[in-house]
Amino acid sequence: MFCGKCCEDVALPVLHMLFPTAYLDEAGLEFYRAHGLDKILANNENVEFDYGGKRISINILELIRPDVYVNDMSSQLFYIEHKLNELLQTNDTIIVKHRCQHLQENNACGIYDRRPQVCRTHDCHSTRNDCAMPPIDTHKMDFMWPMAKRS
Ligand code: SF4
Ligand code: SF4
């Protein structure tokens with residue numbers, strides 16, 4: 001019944017992704033950590049995202065500290081080609097390709113009873129038009145809607 005799409009692919013300004021404790025409020029941080037986005041930095045992984053009509057995959061430290069980590073010619077060309085300097089300066093929104101760590105194989109939420117507040121109040125129909133479920137009231141959603149992602 002549930003497709004799980006609401007619990008994948010997070011849209012947020014790039015600086016919110018890179019410096020969550022500086023840019024996100026408590027509700028945002030609760031969602032960020034529950035989703036597992038903090039592990040990308042903790043494990044020094046690549047962050048994969050859509051920006052400017054392109055799919056980009058880059059080590060997260062190269063985005064956070066390009067002055068330190070973007071030091072070979074191919075990395076510099078990659079930065080220029082994808083206008084990543086501009087992205088950081090404008091703090092544009094990126095679509096981070098990520099599946100929530102609590103999304104189960106059957107697309108149910110694995111922490112339904114303690115899911116973040118953002119997940120409880122997210123209205124799928126405000127951000128997408130491919131949901132097969134009918135729109136429902138937000139106050140009902142808390143009881144009926146097991147998956148959502150932050151707006
Ligand atoms: S609310 Fe709709 S789009 Fe979102 S996970 Fe459920 S069925 Fe999929
Ligand atoms: S509802 Fe559950 S599975 Fe979906 S994003 Fe929130 S915590 Fe993750």
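Here are some questions and answers on how the descriptions of this predicted model follow from their definitions.

Local features here need pLDDT of at least 70 and side-chain atom pairs count only at pLDDT 80 or more, while totals for chains, interfaces and linings use all residues. Residues are numbered from 1 along each chain as its sequence is written, and chains are lettered from A and ligands numbered from 1 in the order in which they are written.

Q: What makes a stretch a helix or a strand, and how many of them are in the chain?
A: Helices (H or I, at least four residues) and strands (E, at least two) are DSSP runs, numbered from the N terminus. By that rule the chain has ten helices and four strands. Their pattern along the sequence is β-α-α-α-α-β-β-α-α-α-α-β-α-α.

Q: How do you know which strands pair in the sheet?
A: Two strands pair if DSSP finds at least two bridges between them. β2 (residues 46-51) and β3 are joined by six bridges, β1 and β4 (residues 93-99) by five, and β2 and β4 by two, so each of these pairs meets the cut-off. The result is an open, antiparallel sheet in the order β1-β4-β2-β3.

Q: Why are β1 and β3 called edge strands?
A: β1 (8-13) and β3 (54-59) each pair on one side only, so they are the edge strands.

Q: Which residues stand opposite each other in these pairs?
A: I95 in β4 is opposite A11 and is also the bridge partner of D50. Y51 faces K54 in β3. The β2-β3 hairpin has two residues between its strands, and there G52 takes a positive phi near 60 degrees.

Q: What makes a residue buried, and what is hardly covered here?
A: A residue is buried if 20 or more other C-beta atoms lie within 10 Å of its own, exposed if 12 or fewer, and partly exposed in between, with C-beta atoms placed from the backbone. Buried residues are 23% of the 151 in the chain. None of the six residues of β3 is buried, so this strand is called hardly covered. Helix α7 (residues 73-81) likewise has zero buried residues among its nine. β4 has two faces: I94, V96 and H98 are on the covered one, and T93, I95, K97 and R99 on the uncovered one.

Q: Why is a group of residues called a nonpolar core, and which is the largest?
A: The name is for a set of buried Ala, Val, Leu, Ile, Met, Phe, Trp, Tyr and Cys residues joined through C-beta atoms within 7 Å. The largest such set has 17 residues, and V14, M17, L37, V47, I94 and V96 have the most contacts inside it. Its largest share, three residues, comes from α1. A second, separate core of six residues includes C7, L103, C109 and C124.

Q: What does L37 touch, and what counts as a contact?
A: Two residues are in contact if their C-beta atoms, placed from the backbone, lie within 7 Å. Leaving out residues up to four places away in sequence, L37 touches V10, M17, Y32, V96 and H98.

Q: What makes a residue part of the surroundings of ligand 1?
A: A residue is near a molecule if its C-beta atom, placed from the backbone, lies within 6 Å of it. Eleven residues surround ligand 1, with F2, C3, C6, C124 and C131 the closest.
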